[in-house]
Amino acid sequence: LFLAKYPEGGFMVPAGPLLFSVVVYCCVALCCITLIVVRRFRYGGELGGPKCAQYRDSLFLVLLWLVYIVASSVYASNNS
């Protein structure tokens, strides 16, 4: 199948962990965009607002980042 197209070989990457990583990234990005939209309507912009809300939302964004890193790493290490 690929030998006719690439007679000297090629670099193949299995798509399993990549697909999972992209799906997790899209879910986390959707959560982030939702947070930005909520902050815009609630506080009149993405930045600013009460200090409590700033700390809460920044913690939420860091946790989203950690969810992405941990989920992608665990899935890739278990399926390699």
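**Exercise 1. State what share of the chain's contacts with a separation of 6 or more comes from residues 24 or more positions apart.**

Solution. Take a contact as heavy atoms within 4.5 Å. Among the contacts in the chain with a separation of 6 or more, 53% join residues 24 or more positions apart.

The model is predicted: local features need pLDDT of at least 70, side-chain atom pairs count only at pLDDT 80 or more, and totals for chains, interfaces and linings use all residues. Residues are numbered from 1 along each chain as its sequence is written, and side-chain values use heavy atoms, with hydrogens and water left out.

**Exercise 2. Determine the secondary structure and the overall dimensions of the chain.**

Solution. Step one: helices (H or I, at least four residues) and strands (E, at least two) are DSSP runs, numbered from the N terminus. The chain has two helices and zero strands. Step two: along the principal axes, the C-alpha atoms fill a box of roughly 60 × 25 × 15 Å. Step three: the radius of gyration of the chain is 19 Å, whereas a compact globule of 80 residues would have one near 12 Å. This radius is taken over C-alpha atoms, and the globule rule is 2.2 Å times the number of residues to the power 0.38.

**Exercise 3. Classify S72 and W65 as buried or exposed.**

Solution. Buried means under 20% relative accessible area, exposed over 50%, and partly exposed in between (1.4 Å probe, protein chains only). S72 is found in helix α2. Its relative accessibility is 14%, so S72 counts as buried. Leaving out residues up to four places away in sequence, S72 touches F20 and S21. W65 is also placed in helix α2 (residues 51-78). With a relative accessible area of 52%, W65 is exposed. Over the whole chain, 12% of the 80 residues count as buried.

**Exercise 4. Find the aromatic pairs and give the geometry of each.**

Solution. Rings of Phe, Tyr and Trp (its six-membered ring) pair if their centres lie within 6.5 Å; planes under 30 degrees apart count as stacked, over 60 as edge-to-face and the rest as tilted. The structure holds two such pairs. F20 and Y75 are stacked, at 4.2 Å centre to centre with 20° between the planes. F20 lies in helix α1 (residues 16-43) and Y75 in helix α2, so this pair ties together parts 55 residues apart in sequence. F20 is partly exposed at 28% relative accessible area, and Y75 is partly exposed at 30%. The ring centres of Y25 and Y68 are 5.7 Å apart and their planes stand at 75°, so that pair is edge-to-face. Y25 lies in helix α1 and Y68 in helix α2, so the pair ties together parts 43 residues apart in sequence.
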